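Trainee: I am new to this model and would like a careful, close look at the place where the two chains meet. Could you also tell me how much confidence to put in it?

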Amino acid sequence: MSYLVKNQADLDQYLENYHVLDQDYELIDIPERLETEKAQPASSFMKDVWTRFIANKGAIIGAVIILLFIVLSLVVPMVSKFDPNAVSTAQQSMGPRVPLLESIGLFNGKTGIVQYEGEFANMYHYFGTDTLGRDLWVRVWSGCQISLFVAATAVVVNVCIGIVYGMISGYFGGIVDSVMQRFQEIVNSIPTLVVLTLLLIVMSPGLWSIIVALIITSWIGMARITRAQVLQIKEREFILASKTLGASGFFIIFKKILPNIFGQIIIMAMFAIPNAIFYEAFLSMVGLGIPQPQASLGSLINDGFKSILVTPFQTIIPCVVLGILMLSFNLLADGLRDAFDPKMKEG
Amino acid sequence: MDKSTWKYIGKRLLISAVTLLVIIFVLFLMVRLMPGTPFNDEKLTEAQKALIYKAYGLDKPLWEQFIIYLGNLFKGDFGISFAILKNASVSDLVAPRIGISFGLGIGACFLGTIIGILLGIVAALNRNSFWDTFATVLSVLGVSIPSFVFCLLLLVVLGVEIPVLPVLYSSSQPFKSAIIPMIALSLSVIANVARFTRGEMIEVLGSEYIQLVEAKGVDRSQVIFKHALRNCLIPVITVLGPIIVNLMTGSMVIEKICSIPGLGSLLVNAITVRDYNVIVAVSFLYSIMYVGIMLLIDILYGIIDPRIRLGKGNG
């Protein structure tokens, strides 16, 4: 039975005549006790990030290894009884020897040229010695320290330059942006390899000139990411609100935009560190690295390579340390990216 | 191709040209800035020096010198080598090495792409299987560990411990001695390509047009190779840039390690003995190659996906 409701009067008439009957309704699923919905504790963004990060096994392993390496590279050169630069011709190219492992046939010190005999019978060079008799355990960790120092310094400065450049370019737009973009494009299209080589030939090789060269070649990536982020965020309502309230450009850039792109910057920095470590090692391999007697992981590999046929452990050990270090940084960076931005997760 | 495509190509060409000009200018300045000139002899009188400067065109204003320098570069004249092979023309030193470096690079690129694509497909088709894990681990390793580390480890294993392959390059067996460097170089290519293909393949396989093809009862291998693979390979151009950079820096060190007589090892040698003209020549060749490939990638992008052009044009 259906009514045709034509006007208000019809509707009023219908509602007046309508009575609810018992069979119209059926009770289903009567709750015995009314449960109020438990309020989910509001979890902050950083807490979410942390939860996601903790769940990522690779990232945790990476972080632990990096911490371990940092501690070792700081502590070993301080506490070891060997001086990383002390040359001792009597102890040339001794094999790696580690107290407990030697009894099961690993690291027993027999792979070297000079054997652990006579006055050296109770000596333990964990990673052996190099061709000048310097203890490699100390040299590897002090080299690791220098590699990490170079990478960290270069990346921190890069982040600062990149943020300022990217934010100015992205926030102000217009002519400023165009000019800065063209400049960036041209600098970016010169291969890093060529810039690094030329810079280090003009400057004399050393710790600081390597850092400067690394900064000059790699701030662009940071600037580009920052700019892209700024472009995205500056159209949001809260920036408009801030502008309407009369905030200055400087205030908006540093107080409103910067905190919002912080996650991206951390991720970028984490990816930039292994890159810097790589380029430092690369420079050492082509003969533009840290001058002797200082050592970095790259220069240790380069030195060890000269006698790879006789004492391969001098090459393998710093190679493995470098590989593990770079792998750990990449794992950590991957984990951070997934934690900060789950949408970007691959697969 | 419409008008905007041409405009885009023109713009990229212009930027590349400006870049090359900047590089040449920097190289020119470097030659001028380098410590010590060939005419440092104390016995030379002022008059003799003036004569020499005039003979080599060094008395002209800087801009005129720059133009002469440019002209020489275009003629392929990079001057003479000071240290590696005294008084030999740099062009003669460089020319025979280009082919060797190129062969190595292209070989590694080819090998890496094929293995990478296959690995990516297998991983995408059998998600969470052994092959998927294998591909993921290999990608992470290949992306994060430098190729020269791989090369050194391979040398120790296959050259020293189990001597099946030659440690150093020998021209009598160029193929056999290129195996280790090629594997080491191609690992980063495999890693990049496999990672990309896997992600792209998973996305494409879930798309509606693949479902349609499957619903029509097309053979599985045909679905994958004819329909899915084609579509997931177009965006593979995005990883070409990093791959080329990896190959260039990687090959420089690897050529040195395996003593392959290519451009990279020549540059390393030149750096060690500070042979400026050779450094300039090889750097310039590397730059041309890099700028050219980047230009090609950008243009390909613009043609394949006009949205990229728009995005870049605005910013």
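**Confidence and contact**

Mentor: Chain B has a mean pLDDT (the predictor's confidence in each residue, from 0 to 100) of 79, with 88% of its residues at 70 or more. This is a predicted model, in which local features need pLDDT of at least 70 and side-chain atom pairs count only at 80 or more, while totals for chains, interfaces and linings use all residues. Residues are numbered from 1 along each chain as its sequence is written, and chains are lettered from A and ligands numbered from 1 in the order in which they are written.

Within chain B, confidence is highest in helix H8 (residues 179–205), at a mean of 87, and lowest in helix H14 (residues 306–314), at 50; helices here are DSSP runs of H or I with at least four residues, numbered from the N terminus. The pLDDT falls below 50 over residues 310–315 of chain B, a stretch with 1 contact beyond near neighbours in sequence, a contact being two residues whose C-beta atoms, placed from the backbone, lie within 7 Å. Where pLDDT is low, the predicted coordinates should not be read in detail.

As for the meeting of the chains, 36 residues of chain A and 43 residues of chain B take part. On the side of chain A, helices H5 (174–188), H6 (192–202), H10 (262–285), H11 (297–305) and H12 (313–340) each supply at least two residues, and H12(A) gives the largest share, 9 residues. For the complex, the predictor reports an ipTM of 0.79 and a pTM of 0.79.
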